[in-house]
Structure formats: C-alpha cells, structure tokens
Amino acid sequence: MPTVAPLDLDGHCLAAVFLDNVPHFALADGAVHRLDNGHKTAQANDGLLAAFHDAANDRLITSGEDGKVFSVTAGGNVGELASAGKKWITSVAAGPQGAIAYATGKTAFVRFADGKTREFAHPRSVEGLAFSPKGMRFGVARYNGATLHFPAAEGKPVELEWAGAHTGITFSPDGAFLVTTMQENALHGWKLADGKHMRMTGYPGKVKSLSWSVKGKWLASSGAPAAIVWPFSGKDGPMGKAPLELGTRGNAMVTSVACHPSQDVVAVGYDDGMVMAVRFADAREVLLRRPGKGAITSMMWDKEERRVAFGSAAGDCGVIDISA
C-alpha cells in the first residue's frame, strides 16, 4: 500500500513539482514550500497567478500580481527573470535554450537566455502560452483560436482560428499537434502540418489539467468523473476515435492528471482530494491516497518513478511513495 507524507499548508496550491528530486509546493500567496530534511519555505511572487515546471532546466517559473517573473530552483533559490511594472502577469511558459514566455493583458513576451526580450501584441487578451518542443516557436491561446509565433525570426505569425474562448494551450511532444482548453467544456486541436481541426467534446465540466503520456501517444485530461484520455498515435490524432475513460467515479470529478514518465499509466486526482493511478492497457486502478481536503490541483512524478507530489485547492499537499 502506498504511503503518504502529508504537508498541511494554508492556501491554494498552484504547483506541486520535484526540483532536484525535492518536492516543492507553490501556493497562491507566492510562498514556495519544500520538504527538504524538514519543511522549508522561500518567497517568490507577492500573489502567485501562474507557475510552469521547466523540466529542461529543473526549475519552476512563476508569475503574479506583482508584475514579476521568477525562477525557483532546488533549495529555494529565487531569482527574478522579468518585470512588467504593475501589470499582472497571468501566464508563463518555458521553452528551448533557456527561453521563457510570459503574458500580461494582450501582450506576450519572450525572454531569451541572454536577457533580450521580444514583445508580441494581440487584438485580445493572451490566455495561455506554450513552446513547441521542436524549434523556437511558441503558441498563444486567445479568443477565437491560437497564434503561433517564431520569436527568433522575422515574419508573420500563423493564425489558427476556432470560435470561442481558448484558455490554455499545449503542443504534443513531437510538435505535430496543438491542443487548447476552452471556456466551454471542450478541447480543440489542430494538426499543424495541414491545419486540420480536432474537436474533443462531451465533457461535463471545464478541462483544467492536461498531461501527455510518454512519447505523446495519449493526452490525458480532467473535466469529467473519469480521466478522459485521447489517442494521438495515428497521423490524424483522435479524430474518429473514442477516448479511454479511466478511474471513473460516480460521485467525484477529475481535477488533475499526471502521466507516468515511462509507462502508460496516469495519476488521477479528484475534487475530493483522492488520488488514483490507472493503467491504460486494462484500466487497472491502484488507490494512492484517500479523499482529503480540497480538489487536487497539481501532481508530478519524480525521476525515479516511485513518488508523486500533489497539492490541493485547500493547501492539503504531500508526497505519495508508491514503492512502500
């Protein structure tokens, strides 16, 4: 039976991540707590709005109401990367070669590793940011679609149109597909080679959490009483195919998903604080954590694939050891 090391904090947890294999928990007040031979704390933003795990550089990128972007590395080292005056920085992402993107209002910025920054204006507010895993390009989720920019080169952006409010954005690990979360209960996707649309609908709630499986063959999502897992192994992605429905519970909604680093398994967090691991092949379930306080908002596996860090909307955080 898995064991849970709890960390009872006060506030909404935006990100539960491992940095140098140490669990870190970023809360809405900007404090970043860690379990590193005891409970320790560092302060990032004054009011945290967004956090992104930069796996390539083993750091957490945070942004907030204080108009600043910080890098948090293991041991609670906090460094300022960018500032936008008194404007709220509502989304952030990390990309190749140490670049980061951040957004305030209708403007997205890309800051390169050398400190140079480029600005990208949009007609409507920027809701989400993501870098492509291939080449230096990044995507912006916006009203009525998404925009693709090439920040290191001149030239016009690529506009991907689809009616409605797009709130979040992710590229598939091979860079072939772009998927957005929407204000309505749906996902929308584009096959980037030809611009073909992919509609992923039927959710009873909003999709707030997405996770790609190893090699990007599957995309797990929240927003239903099960983890909805779409197949992306074919050249047209999930079109014409039914998703897997894993970890179905009649009385709870899935609020967070985190795919395993090397196996077709997903950790599923629910609105009552419960966490399960479910295997894609046969839908076999293992209970990782009983219900607790608050909806699960963030989860991450460690590099050794034996621990899962989790955080909730009520600050009910901790680490599950599945090897116990």
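The side chains of R59 and D54 meet in a salt bridge, with 2.7 Å from N to O, and both R59 and D54 are buried. This pair belongs to a predicted model, in which the count of salt bridges comes to 19. The points below take up the charged pairs, the nonpolar core, a patch of negative charge and two backbone angles.

**Around D54**

- D54 lies in strand 6, which covers residues 48-54, and its relative accessible area is 3%, so it counts as buried under the 20% cut-off.
- The C-alpha atoms of D54 and P96 are 9.7 Å apart in space, while the two residues stand 42 residues apart in sequence.

**Other salt bridges**

- In general, side chains of opposite charge can pair when their charged atoms come close.
- D316 forms a salt bridge with R289, and the closest N and O atoms of the two are 2.7 Å apart; because D316 lies in strand 30 and R289 in strand 27 (residues 285-289), the pair ties together parts that are 27 residues apart in sequence.
- D316 is buried, and R289 is buried as well.
- A network held together by salt bridges with shared partners takes in K191, D194, K196, K235 and D236.
- D282 and R279 also meet through their side chains in a salt bridge, at 2.7 Å from N to O.
- D282 is partly exposed at 44% relative accessibility, and R279 is likewise partly exposed, with a relative accessible area of 35%.

**The largest nonpolar core**

- As a general tendency in soluble globular proteins, nonpolar side chains are buried together.
- The largest nonpolar core in this model has 21 residues, and those with the most contacts inside it are L9, C13, V17, F25, A26, L60 and C317.
- Two or more residues of this core come from each of strand 2 (13-19), strand 3 (22-27), strand 8 and strand 30 (316-321), with strand 2 giving the most, namely six residues.
- Strand 30 therefore appears in two of these topics, since it contributes to the core and also holds D316, the partner of R289 in strand 27.

**A patch of negative charge**

- On the surface, D10, D29, D46 and E65 gather in a patch of negative charge.
- Within this patch, E65 has its place in the loop between strand 7 (59-64) and strand 8 (68-73).
- The relative accessible area of E65 is 35%, so this residue counts as partly exposed, a class that lies between the 20% limit for buried and the 50% limit for exposed.

**Positive phi outside glycine**

- Most residues other than glycine have a negative phi.
- N144 has a phi near 70°, a positive value in a residue that is not a glycine, and its place is in strand 15, which comprises residues 138-149.
- With 28% relative accessibility, N144 counts as partly exposed.
- E305 also shows a positive phi, of about 65°, although it is not a glycine, and this residue is found in the loop between strand 28 (296-301) and strand 29 (307-312).
- The relative accessible area of E305 is 25%, and E305 is accordingly partly exposed.

Note on methods
Residues numbered from 1 in each chain as written. Predicted model: local features only at pLDDT ≥ 70, side-chain atom pairs only at ≥ 80, totals over all residues. Heavy atoms only, no water. Patch = residues over 30% accessible without salt bridge, like charges linked within 9 Å, V, L, I, M, F, W, Y side chains within 5 Å. Areas by Shrake-Rupley, 256 points an atom, 1.4 Å probe, with all protein chains shown as cover. Salt bridge = Lys/Arg side-chain N within 4 Å of Asp/Glu carboxyl O. Lys, Arg positive; Asp, Glu negative; His and termini not counted. Charge placed at Lys NZ, Arg CZ, Asp CG, Glu CD. Helix = DSSP H or I, 4+ residues; strand = E, 2+ residues; numbered from the N terminus. Buried < 20%, exposed > 50% of the residue type's maximum accessible area, 1.4 Å probe, protein only. Core = buried A, V, L, I, M, F, W, Y, C linked by side-chain atoms within 4.5 Å.
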